[in-house]
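Reader: I'm new to this one, so could you walk me through how its strands are put together?

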Amino acid sequence: MTTMFWILWFFIAFIIVLVAFTLRKEIEEMPRREILRAVESTGGMGVSERAFLWVFSWMDTRFRIQDYWNMSKGAYYNMHRQMPLSHAEKYKLRIIWYWYPLYCLGGISFLSFIILVITGTVLGIYYVPGGEGDPSPAYASMEFIMLELPFGYIIRAVHHWTTHFMVASVFLHMCRVYFTGAYRNPRELNWLIGVALMALTIVFGYSGYLLPWDSLAYGAAVIGINLANSSPLVGKYIATLLFGGSSLTPRTVTRMYFIHVFILPVIVTTLIIIHLFIVWVQGIAEPH
Amino acid sequence: MGLMENFGRVATSYMDEKAKLEEAGEKRTRTRMGHGFWPHEALRDTILFSFMAAVLLFYAWLIPPPLHGAADPYAQAGFVFPDWYVLFSYGYLRWGEYLPQFTVPTGFIGDIVGQPVFAWNAAWWGAALTGIPVGILALPPFLGGREKRPVEDPWFAAAGAVYLAHIWFISVFSINIFLELYGKNRSDYCKLDSHGDLLCGTRAPWMADIFNAVPWILTGLLLWIVIYFIARNVMVKAWGSGFTPAHGKRLIIGALVVSAGASVATFDTYDNGFWEAGGLLTIKGLTHDYYPELEAMRTQPTDVEVHETNEFTDDRGYSDDGIVPAAAWTEWQIYQPAREIIIDFSDTNNHQDAEEGINAAGTTASFYGGDGFVSVGTFTVTEDSTNFPDGHHESIDGLTTDVVCEYRSSERKIDGVNTATMLTSSLTVTDENGKVMSSFSGCVGDEITLEPGVYNYEYSLQASGPLAQNNSIMTETTFSIRAYQPLLLWDNNAGPLAGTVVNLSDTATIAASSGTYSDVVNPSYHVNPKALDAKLTYAMFIPCLTFGAVVFVVLRSMARGYEFEMNKCYGCDLCDDACPVRLFNGGDKLNIIYNSWNNEDDGVPLYSCLTCTACTNACPQLVNYDSYVDIRRSLIVGGLAAEIPYMVL
């Protein structure tokens, strides 16, 4: 034990020496101290400003962030602070103000997705994706979450209800986009991405429905695998791809878990970023 | 590398040309400052997030998600119910059971993938039909042409309404098979919620009647709209602009009378004979022979059918009296999904004793390897002397008896072969004379009716093959034979006693009560009335069109208000240049359209306009300005009775 203790202290001392040499070398090569002094002499420097300046210059000497700083500053003032006139503003169109509340639906689904990611991460720490045995590790871990884990059932409940919020807001968002004609030129691509996102949201919901591996999940899995198996020619391959076999096996849980926590999040997160980016670029189709 | 350099050159020159053009044109002005991130957006987002978190936590506390029993491949399929957002797919799956099912030879491709014949079954109907509404969603961007608001394009909004209505009705169809939402002639009902809990309550019969009538009311509405538009088109063709709104109003009322009359006249056919009439793809082959098959498919519990002692049923098999009220359901533990026999499974009235062989027999056993299990014995079937004194059972043939067994091994498979295939079972019930009352193998289960007496049973389960040689694998089995006493319930006329169990030995109560009681001979689940499925299937199609028609009518009236015509304008100012009044004495603010659109219509230009149509002819968006002036003037002069020529739509 004492040996470990000494090794730890030697290691810390070694790091301190290393950092000291680095800083010394930096002082020799870069006149950072002089720049700092020059900036500080302009006055108005409180403690927080000094700290920020130190961190900023430290970053700059290593990553040369001055270029990115100028670029982002320009972008900020060009694109963000000065909003382009919207279509309705530019042509003085009479907007339909009472439709605006419907324009928060996409935001609600995005917020739901964030809440789902957070609560899902917590659940994923305790969930065991195994279907072998009776009761299966998946079911046993669900019992642990629901009965023993402090706040476990409430986290699962929030995850559960947020799913319903997300699906509902996605549906209503689509209705809003359709009935305001916002899917038309130039927003066709974003509509298609939205359709894909809606389908993936439903697959998200279904795969999550199976994870507890209780009797209800098993029944739902039976229906799902029957649907997959019923496809002409490729039925059993689709079933194997999605359910880990042409009949339900313990592997199904693991497969669904992987789809639910890895494949779908990667695809959906990417698509959401693209979806929002296109909205940002094209602007919102205002009701008029 | 050369190609990439060319691409770069092309992109650069494109950007140069674009920059030149943009500089030549008017620069898009940027005047409005956005909101700052701090504190405006941060505060707003915090408030919204907190609100949503509060709502979510409230629901999490109010209705936490259930965790049912562990998944068990051997268990009987219980009550499976999808989340609401996939109900539409579930509905197609259920509907697929009604649609024709056949096989398709798959040719050489089938040989390659090992599926020489493809079975087009209910599951594939469900999967394929689900693909249609999802696939349709990809189409709108390619059908619409230029950007339009729904008010400019009522057809698109109407199509959206039809789509949503169809999704709604197919969802109703999927759950209605369980919920009996449209169940008729029933004052009490019980239903299963998605957690498998039995919920009981009372519903007024008129509610069921209204639900039943909804598809036909919607049809009548559609008929009204269709008749009106067809007649209007005919009249406009015939009379031209002589067809005025006053005529139009009379036409609306006339169409209403015709459609209402037609709906009322055909309602009885719809209400009673829709199934026989074939509905809309509701029955395979449109024959009565298909009913039993359909009914066998619906194994979910819905309602209890009760026959009165003095049995009365109407011509469609309904019985108004003797419905099992909610209290009785819960009191008697009447619930078992996927089975048709439902009564007293918890032996609430203590008339069963499997140990003594009174009205029941059965046991649970286990063995290892090839030991096998055999059980032979007798049991008696008796009438409950407390609730059913001598002589009461005249009207009852016997006691409904469930004969069931099941078995499972601790290993599901040995070398890939299911262990269930290595077990053979047989269960036989015979009466004293050796007459076989029930006999089956493979534990398929049976339901028989036994008169009071003594019966013998023999149950055996034998293992074979690899299972018999492996002494480390345990096989569990259970079998049970249970005869159920019939339910005797006070009916609705019995006042406070209604729905409670009748005790025939309590003569004082019986004498004091003015009501009668009913005898639940075979308390099985009642299935949907046949005509109901036809109505629900019908609701998925024609009544959906009504929603589209209503949306079309509403948007059309909005379009006729010229609001959308105004919004076509993008301010090119050509009408303003062409306007002769404006040119000579109107200054900068005369053209009525241009000023209306700029929210500067003070009404004055309306009377300076010559209706020379110069602005209409100049308009690149084809806005019919002069007819707008005509309409406004007519409205001012004539008020509501003004005769406005039908110009828009």
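**Two sheets in chain B**

Author: Sure, and keep in mind that this is a predicted model. In chain B, 4 strands pair antiparallel and make an open sheet, in the order β8-β15-β12-β13.

Reader: Why is one side of β8 and of β13 of chain B left without a neighbour in the sheet?

Author: Look at where they sit: β8 (373–381) and β13 (436–441) of chain B are at the edges. Each has a single partner strand, so one side of each has no neighbour in the sheet. The reason, then, is their place at the edges.

Reader: By how much are neighbouring strands of this sheet turned against each other on average?

Author: Leave the direction of the strands aside here. On average, the turn between neighbours in this sheet is then 10°.

Reader: Which residue of β13(B) is the bridge partner of B:V429?

Author: Start with the strands: β12 (residues 423–431) of chain B and β13(B) run antiparallel and are joined by 5 bridges. In β13(B), the partner of B:V429 is B:S438.

Reader: In what order do the strands β7, β9, β14 and β16 of chain B form an open sheet?

Author: Here, too, the pairing is antiparallel. The edge strands are β7 (360–368) and β14 (446–450) of chain B, each pairing on one side only. Read across, the order is β7-β16-β9-β14.

Reader: And which residue in β16(B) stands opposite B:T364?

Author: β7(B) runs antiparallel to β16 (residues 474–484) of chain B, and 9 bridges join them. Opposite B:T364, in β16(B), stands B:T478.

How values were computed
Residues are numbered from 1 along each chain as its sequence is written. Chains are lettered from A and ligands numbered from 1 in the order in which they are written. This is a predicted model: local features need pLDDT of at least 70, side-chain atom pairs count only at pLDDT 80 or more; totals for chains, interfaces and linings use all residues. Two strands pair if DSSP finds at least two bridges between them. Axes are lines fitted to C-alpha atoms, for helices over the stretch in contact, and angles run from 0 to 180 degrees between N-to-C directions.
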